[in-house]
Amino acid sequence: MKGKIIGVIIIIALAVFVAKSAMVIDKGTEGQYTGVVAFDAHASSGSDWGKISSEIASKAADINAVDLKDLGNGKALKIKGTVSEYSSKANGKRNTINVVPENYSGNMSFTIQLGSIYTGTSVRDVQTVKGFGDFTNQTEWSQYAKALNTQVDNEVVTPLAINDSIKGKTVEIIGAATSSGNTVTVTPVSIVIE
């Protein structure tokens, strides 16, 4: 009996010790105690945007200087030409223009993404400011690509308020491009409308 009483006293003492040692913290403040801070893709892409857009602009090749059928995961390109078509799909969320480049005699067509929905990860894949190793996992790497596309929309496309009236105008585009079949798709980091 004496052994059972000592056992109960030990269990009670441990329970009291654990209860006094536990700390209740507010949700969202865990990082202050653990050192682990939640990843914020938009904050990361926002702070990197200036360097990324400058890097892509500085290494952009003229479309006549590269093999447009083999752009891999992406290549920085510059295109100057006339807008032949404006397209708006998905209730105005998937907008594009087609550009007929000056001094180009190949058979590729050129589509420029104008958001607000962007496909692909070419901006992330062309830049070298950050690589996969700078992120904890594939999810963060993917979130970073989406956040960079949001930067394109906020910093490059939205301020221009592009609509159907752009048809026939001359544009100069710098961006990250990929190709599929005979179509080059460009996610712009710079658009100049003349």
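**Exercise 1. State the accessible surface of the chain and the share of it that belongs to carbon and sulfur atoms.**

Solution. The accessible surface of the chain comes to about 11300 Å², a value from the Shrake-Rupley method with a 1.4 Å probe, in which only the protein chains shown count as cover for residues. Of this surface, 53% belongs to carbon and sulfur atoms. Turning to burial, where buried means under 20% relative accessible area, exposed over 50% and partly exposed in between (1.4 Å probe, protein chains only), one finds that buried residues make up 36% of the 194 residues in the chain.

This is a predicted model, in which local features need pLDDT of at least 70 and side-chain atom pairs count only at pLDDT 80 or more, while totals for chains, interfaces and linings use all residues. Residues are numbered from 1 along each chain as its sequence is written, and side-chain values use heavy atoms, with hydrogens and water left out.

**Exercise 2. Find which element has the lowest mean pLDDT and which the highest.**

Solution. The score, pLDDT, is the predictor's confidence in each residue, from 0 to 100, and the chain averages 88, with 82% of the residues scoring at least 70. The elements are DSSP runs numbered from the N terminus, helices being H or I of at least four residues and strands E of at least two; the chain has five helices and six strands. Among these elements, helix H2 (residues 30-34) has the lowest mean pLDDT, 57, and E6 the highest, 98. Where pLDDT is low, the predicted coordinates should not be read in detail.

**Exercise 3. Trace the strand pairings that involve E4, and say why E4 is largely enclosed.**

Solution. Two strands pair if DSSP finds at least two bridges between them. On one side of the list stands strand E3 (residues 94-101), which runs antiparallel to E4 and is joined to it by five bridges; here Ile97 stands opposite Ile112 in E4. The next step leads from E4 to strand E6 (residues 183-193), which runs parallel to E4 with four bridges, and Ile112 stands opposite Val186 in E6. Strand E4 (residues 109-116) has six of its eight residues buried, so it is largely enclosed by the rest of the structure.

**Exercise 4. Continue the pairing from E6 to E5 and from E5 to E2.**

Solution. Ten bridges join E5 to E6, and these two strands run antiparallel; one of the pairs places Glu172 with its bridge partner Val192 in E6. E5 and E6 form a hairpin with two residues between them, and Gly181 in the turn has a positive phi of about 60°. E5 (residues 170-180) is also joined to E2 by eight bridges, again in an antiparallel arrangement, with Lys75 opposite Ala177 in E5.

**Exercise 5. Are Asp48, Glu55 and Thr82 buried, partly exposed or exposed, and what do they touch?**

Solution. Begin with helix H3 (residues 41-59), where Asp48 is found: its relative accessibility is 4%, so Asp48 counts as buried. Contact means heavy atoms within 4.5 Å, and, not counting residues up to four places away in sequence, Asp48 touches Val129, Lys130 and Tyr144. Glu55, which is found in helix H3, counts as buried because its relative accessibility is 16%, and beyond four places in sequence Glu55 touches Val126, Gln127, Thr128 and Val129. Thr82 lies in strand E2 (residues 75-89) and is partly exposed, with a relative accessible area of 34%. Leaving aside neighbours within four places, the contacts of Thr82 include Asn98, Val99, Gly168 and Thr170.
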